[in-house]
Amino acid sequence: MVPQMLGGFYKPGEARIDLRKFCKLTGVTFRQERVIKISGDKRTLNTDQSETEFDYLIINTGVVSENPFGSHDHVFPVKPLSNLFRFEENLSKGLYRNIVIAGAGGAGTEIALNLSVRPTKPQINITVVEKSDSILNGFDPRLSAKLRSVLEQRDVRVLCGDEIKEVQENTIKTQNGNELPFDACLLATGNKAVTSGIDHDLPESEIGRILVNKNLETTPHSGIFAAGDTAEIRKLGLPQIGVHAVYQGKQLRKNLDRIFQGLEPEPYVPFKFTPLIFSTGSSQSSLAIPGYPFSVTNRFMTALKYTLDQEWVESCQVERASHRNYMRLFLDGWRFMREIKTTKSAL
Ligand SMILES: Cc1cc2nc3c(=O)[nH]c(=O)nc-3n(C[C@H](O)[C@H](O)[C@H](O)COP(=O)(O)OP(=O)(O)OC[C@H]3O[C@@H](n4cnc5c(N)ncnc54)[C@H](O)[C@@H]3O)c2cc1C
């Protein structure tokens, strides 16, 4: 939803979840603090403000985008997503004319496709810089070629086989010698687990993700769980996508209930295929499966994406009695799709 928010299809408030409200709705205590230390041995957790003892702990701190360029007011790593809301605020004030997107994997490509149709004044110039030979590397090559051509028809400059070397005040220099004027740069070139920056004594992978077993539990510390982007289930090598984060959360909830009833926890069984739906900024969206030469692009996918996104958002925002059912969501999704009008190149 965040790329679509950047395209102007959602208002920022529609693509965020009010955590305070959500916690109130579900009877959970919310404390806005940053976790800085976890001791599995002592079973304590320290934040920037307090220390808490725990019996059970679930770690879901996600990832942050790699940023080798240091802090710069107008360089926005795409993770955490809150950076993209800051970027949008400046964009809607008309502060940016030249935007560089580093990295054209799923996140960078979807953002570029949506930004390229955003009605802005002044009009924005977008450049995408991607290290591999193609955008959406690892997805269906036909989709990758199709979406690259759509971007170029929308006047987005796509530089493949190149990478950012240096970020100066108003210019970005690339490995191949390109000098790109920029007012804002979005970094979507890869992530590292937030836990790699937290002082802890839990087992971790080479890239700092918390290693867990199939029940999402760390060993030897029982009762400490990790899920989502920050967790790595031994030997499974799952991609860092929201689908796993959401379903692992559901499994953990179920397992905690089982543990409290004296039952054994059950393993997280990932879906065999985890399709992703990319919004293209037109009324058509593309469904693709990472690692498979398969994709489908049509208007039905836009309504389906709306249905799945809204179903999840509603489950965090409003009481169950007010949830729209799937039929209603899909009809609203179809209406949403029909309202997408763009003068720029469609598919
Ligand atoms: C542009 C973009 C588009 C995407 N689109 C899709 C998609 O269409 N489908 C899909 O499946 N996936 C998508 N993803 C991936 C998806 O966003 C992630 O896989 C998902 O958010 C992971 O959920 P999580 O709960 O593990 O982490 P997050 O959603 O990153 O949540 C982590 C939370 O922990 C908080 N936190 C971080 N550090 C600390 C700390 N020290 N103490 C306390 N709190 C902390 C953060 O503020 C954040 O709220 C997309 C990603 C991007 C960047």
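1. Let's start with strand 11, which covers residues 171–174: three bridges join strand 11 to strand 12, and the two run antiparallel. One pair is handy to look up as you follow along: K173 has E179 in strand 12 as its bridge partner. Please keep in mind that this is a predicted model.

2. Now step back to the sheet these strands belong to. Three strands make up an open sheet, ordered 10-11-12, with antiparallel pairing. Strand 10 (164–167) and strand 12 (179–181) are the edge strands, each pairing on one side only. From one strand to the next, the twist averages 25 degrees.

3. Further along the chain, have a look at two helices. Helix 7 spans residues 299–317 and helix 8 spans residues 326–338; their axes come within 8 Å and cross at roughly 130 degrees. Helix 7 is therefore oblique to helix 8. As for handedness, the crossing of helix 7 past helix 8 is right-handed.

4. Which residues in helix 7 and helix 8 meet? On the helix 7 side you will find R299, T302, A303, L304, Y306, T307, Q310 and E311. Facing them in helix 8 are Y326, L329, F330, G333, W334, F336 and M337. Sorted by class, this contact of helix 7 with helix 8 has nine nonpolar, four polar and two charged residues.

5. If you want a short route through the model, try two stops. Begin at the K173 and E179 bridge pair, then move to the place where helix 7 and helix 8 cross at roughly 130 degrees.

Note on methods:
Residues are numbered from 1 along each chain as its sequence is written. This is a predicted model: local features need pLDDT of at least 70, side-chain atom pairs count only at pLDDT 80 or more; totals for chains, interfaces and linings use all residues. Two strands pair if DSSP finds at least two bridges between them. Helices (H or I, at least four residues) and strands (E, at least two) are DSSP runs, numbered from the N terminus. Axes are lines fitted to C-alpha atoms, for helices over the stretch in contact, and angles run from 0 to 180 degrees between N-to-C directions. Angles under 35 degrees count as roughly parallel, over 145 as roughly antiparallel, 65 to 115 as roughly perpendicular and the rest as oblique. A crossing is left-handed if the near helix is turned anticlockwise from the far one by less than a right angle, and right-handed if clockwise. Two residues are in contact if their C-beta atoms, placed from the backbone, lie within 7 Å. Ala, Val, Leu, Ile, Met, Phe, Trp, Tyr, Cys and Pro count as nonpolar, Asp, Glu, Lys and Arg as charged, and the others, Gly among them, as polar.
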